[in-house]
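Subject: Structure handover

Hello,

Please find the structure below. Notes on its three ligands follow.

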Amino acid sequence: YTSDAYPNIKRDPKFAEISADDVKFFKELLGSESAVIDGVTTDATDDLEPFNSDWMRKYRGHTRLVLKPGSTEEVSKVLKYCNDRKLAVVPQGGNTGLVGGSVPVFDEIVVNTSRMNKIRSFDAASGVLVADAGVILETADSYLAEREHLFPLDLGAKGSCHIGGNVSTNAGGLRLLRYGSLHGTVLGLEAVLPDGTIVESLSTLRKNNTGYDLKQLFIGSEGTIGLVTAVSIICPPRPKAVNVAYFGLESFEQVQQAYLAAKGQLSEILSAFELMDGRSQGLVIESTGNKHPLEGEYPFYCLIETSGSNSEHDMAKLETFLENVMGEGIVADGVLAQDETQFQALWRWREGITEALSHLGGTYKYDVSIPLSELYQLVEDCKARLTEKGFVGDDDSFPVRAVVGYGHMGDSNLHLNVAVRQYNKEVEKAIEPWVYEWIQKRNGSISAEHGMGVAKKEYIGYSQNETMVKLMKQLKALYDPVSIFLSLNSSRCDHHTNVIFWQNGIMNPYKYI
Ligand code: FAD
Ligand code: S2G
Ligand code: ZN
């Protein structure tokens, strides 16, 4: 196996190929027809397609078998069998990940969580929800809304992503500014290790200081040390009053001033502060045909959300804030949502960017954390570099269609996206590794929230030192059992040592670190 998508990755020969006997075992184990999509003994390629290619259609694998276990016990038996047979596995939730982590690189078996989708419990007094990993984020939030609570995570993929995938990617999203990261809100989880061990750690306690906090290892581990089968998470009361304002601004300097003013004047009711540049909003206009909410055109826009308990109080606060920032010339123009329809419409100007970009052919995505004062400088420098190299211009003859910057201002997290007519090695080489060096110089992160997957694996050194990477690899080897084989005079080992470490490493190989 070599893969044109990954020319410098070769299929690891230690992994077995799936056989008809394997499929027979899984069919008997999982029972229901819908639990096994079998491209080994049947020609199910079309049914396998949605599991082999990622949301952006940028990464594609060749699995011939998708398994959808219905319980933790079934996951345990599946993984133990795969580990014993050295069959590589990719855990998959909603398959909305953006770094190629959720689809196979070669023929790894996809273990998809969509059939593990039960809400297990909710305690109104503490706000703690316990749910299967395969519950869709939006489903969890609607369940909580009926009980006047809120899921402390929101992102554009809420309609498809699973909470097991959210935890496994340590997703950040639109509400992190107010509700914090999953490292703080997840109280416990249940997971299965590749040898079948079930990790029972579904604590619902807000405080539990008894030993290492091992659940944290699974948060953001992207399916490389185990498969998360359930999550326990503390959910805040649903705010009674939620409002949103949409601003146009003349410079990034003024965006920073608006952010500082929002923190100072909206403070406890501020629940989101999102940045969108003019080009990103132009793409949303092109892709939706919707009328832009402001008369004039501006180089920068912000979307500010407030969430509180008293609508009049919050509205008054927001109106005063709007008067101040306009009076001081920080904001050039702005609009406040007057009802739920307008609220949703304003949010679509932010959440619609990813979708708009996906219609442009190919997108080089850089989800980065950099110092706030330079957050937009990266976009300017990238645009200048690609223009100087002749990739950006005013008409359709240039390979690059747009260079846009948007993201979570409150988390100092920029989404730099370079949209091309089609993927283009020359453009990629003009951006990488220059963009990673730019970030490293500022001690930033080359992946703020989307994770590593296959896309960022080789660049981890720009944000983690050797000691950290070594410790991570030791942890991986601990959870993905290492078998040591003594082999004398075998061709497989060099003459210095007579021992080869054969790490099974069946969990989401070729990715992450
Ligand atoms: P998948 O894509 O299926 O998998 C993601 C990774 O987690 C893979 O490595 C997979 O192997 C692993 N995995 C999945 N389920 C499990 C499990 N149960 N156990 C172990 N490993 C598992 N991300 C953000 O952080 N912030 C955003 O604002 C944001 N906005 C987005 C907007 C859009 C329109 C889209 C398409 C994506 C966005 N994302 C964002 C990226 C993506 O939605 C998140 O990474 C999400 O958390 C992935 O969840 P999923 O269930 O789709 O996981
Ligand atoms: C966002 C989604 C993916 C992207 O919109 O906040 O995390 O890069 C992103 O468009
Ligand atoms: Zn984001």
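In what follows, a polar contact is a pair of N or O atoms within 3.5 Å; within protein, one must be able to donate a hydrogen and the other to accept it, and residues adjacent in sequence count only if both atoms are side-chain atoms. This is a predicted model, in which local features need pLDDT of at least 70 and side-chain atom pairs count only at pLDDT 80 or more, while totals for chains, interfaces and linings use all residues. Residues are numbered from 1 along each chain as its sequence is written, chains are lettered from A and ligands numbered from 1 in the order in which they are written, and side-chain values use heavy atoms, with hydrogens and water left out.

Ligand 2

A polar side-chain atom of Arg350 is 2.7 Å from an oxygen atom of ligand 2. Side-chain N or O atoms of two further residues also lie by ligand oxygens: that of Tyr406 at 2.5 Å and that of Glu449 at 2.9 Å. Of the 280 Å² of accessible area (Shrake-Rupley method, 1.4 Å probe; for residues, only the protein chains shown count as cover) that ligand 2 has on its own, the protein covers 86%. The surrounding residues (a heavy atom within 4 Å) include Leu98, Thr354, Lys365 and Asn417. Strands β17 (400-408) and β18 (413-420) each supply at least two residues of this shell; strands (E, at least two residues) and helices (H or I, at least four) are DSSP runs, numbered from the N terminus.

Zinc ion

Ligand 3 is a zinc ion, coordinated by His408 (NE2), His415 (NE2) and Glu449 (OE) at 1.9 to 2.2 Å. Donors are N, O and S atoms within 2.8 Å of the metal (3.2 Å for Na, K and Ca); water is not among the atoms, so the site may look incomplete. The donor residues are spaced H-x6-H-x33-E in sequence. His408 and His415 are both buried, that is, under 20% relative accessible area (exposed is over 50%, partly exposed in between; 1.4 Å probe, protein chains only). His408, His415 and Glu449 are also among the residues around ligand 2.

Ligand 1

Ligand 1 is surrounded by 35 residues, with Pro91, Gly93, Gly94, Thr96 and Gly97 the closest. A backbone N or O atom of Gly97 is 2.7 Å from a ligand oxygen. Backbone N or O atoms also lie by ligand nitrogens, at 2.8 Å for Val228 and 3.3 Å for Gly223. The protein covers 96% of the 970 Å² that ligand 1 exposes on its own. Helix α5 (163-168) is one of the contributing elements and gives the most to the shell, with 4 residues.

Regards
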